[in-house]
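Q: I am new to this structure and would like a close look at a single part of it, the nonpolar patch on the surface. Please take me through that part carefully, and then through what else can be said around it.

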Amino acid sequence: MDANFYENAPITPATTQIARTIVILAALSHVLGSFVILLINLAKPSILVLALLIDGLSIIGGYYFWTFTISKIGQWLKPNHVTYRDLLIPIGFAYAPQVLNFLTLIPLLGRPIELILAVWSLLAVIVAVRQGLDIKTRWAASICLVGWPIIQIAIGFVQVLEQNLVTHF
């Protein structure tokens with residue numbers, strides 16, 4: 001959540017790879033939490049693999065979708081200021097709290113933990129967008145809140161889909 005970090009992070013292949021790795025670790029962490037829950041629910045191996053693949057891809061897809069929506073709105077607000085590729089790094093770093101998503105396997109606390117981590121990432125992305133686009137915090141929050149609910153609904157949909165796959169197959 002350090003504003004200077006987002007402003008001074010160089011755009012290099014190394015930082016791009018680190019940001020991408022953070023997002024992949026966040027997806028793997030989410031998959032790990034889902035894996036334990038699906039095992040407890042006695043999911044069949046084929047359903048387990050399919051559900052976990054969808055789960056991991058939803059996190060990674062959410063990252064790219066959210067970055068895309070932010071970049072498009074950012075282009076509209078400040079043309080030629082920051083590109084989609086430029087935003088992939090700070091938003092990737094802002095996904096760092098999501099690496100703790102495996103904690104969602106804690107009974108009765110899983111969903112609240114998941115929401116806390118999602119809000120933590122949202123706040124980090126707001127700081128990153130504020131610094132990246134050089135705009136006020138309320139504008140950055142407005143931009144980030146365009147895609148965030150869609151991602152949260154999609155992740156919830158994937159979780160419901162996983163549960164339906166387990167119970168019906």
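A: In this predicted model, a nonpolar patch on the surface is formed by L32, F35, L39, L100, F102, L105, I106, L108, L109 and W120, which together have about 880 Å² of accessible area. Helix α2, spanning residues 13–40, contributes the largest share of this patch, with three residues. Another member, L108, has its place in the loop between α4 (84–94) and α5, and L108 counts as exposed because its relative accessibility is 83%, where the cut-off for exposed is over 50%.

Helix α2 also matters for the largest pocket, whose volume is about 250 Å³, since α2 gives the most to the lining of that pocket, namely five residues. The lining is made up of 16 residues in total, and those nearest the centre of the pocket are I37, T104, R111, E114 and Q159. At least two lining residues come from each of α2, α5 and α6 (137–168), and by class the lining holds six nonpolar, seven polar and three charged residues.

Two of the residues nearest the pocket centre, R111 and E114, are also joined by their side chains in a salt bridge, with 2.9 Å from N to O, and the count of salt bridges comes to one. R111 and E114 are about one helical turn apart, because they lie three residues from each other in helix α5 (residues 110–133). The partners differ in exposure, as R111 is partly exposed at a relative accessible area of 38%, whereas E114 counts as buried at 7% relative accessibility.

Notes
Residues numbered from 1 in each chain as written. Predicted model: local features only at pLDDT ≥ 70, side-chain atom pairs only at ≥ 80, totals over all residues. Heavy atoms only, no water. Salt bridge = Lys/Arg side-chain N within 4 Å of Asp/Glu carboxyl O. Helix = DSSP H or I, 4+ residues; strand = E, 2+ residues; numbered from the N terminus. Buried < 20%, exposed > 50% of the residue type's maximum accessible area, 1.4 Å probe, protein only. Patch = residues over 30% accessible without salt bridge, like charges linked within 9 Å, V, L, I, M, F, W, Y side chains within 5 Å. Areas by Shrake-Rupley, 256 points an atom, 1.4 Å probe, with all protein chains shown as cover. 1 Å grid on protein atoms, 1.4 Å probe; cavity = no way out; pocket = protein on both sides within 12 Å on 5 of 7 lines; lining within 4 Å. Points joined across faces, edges and corners; volume = space filled by probe spheres on them. Nonpolar A, V, L, I, M, F, W, Y, C, P; charged D, E, K, R; others polar.
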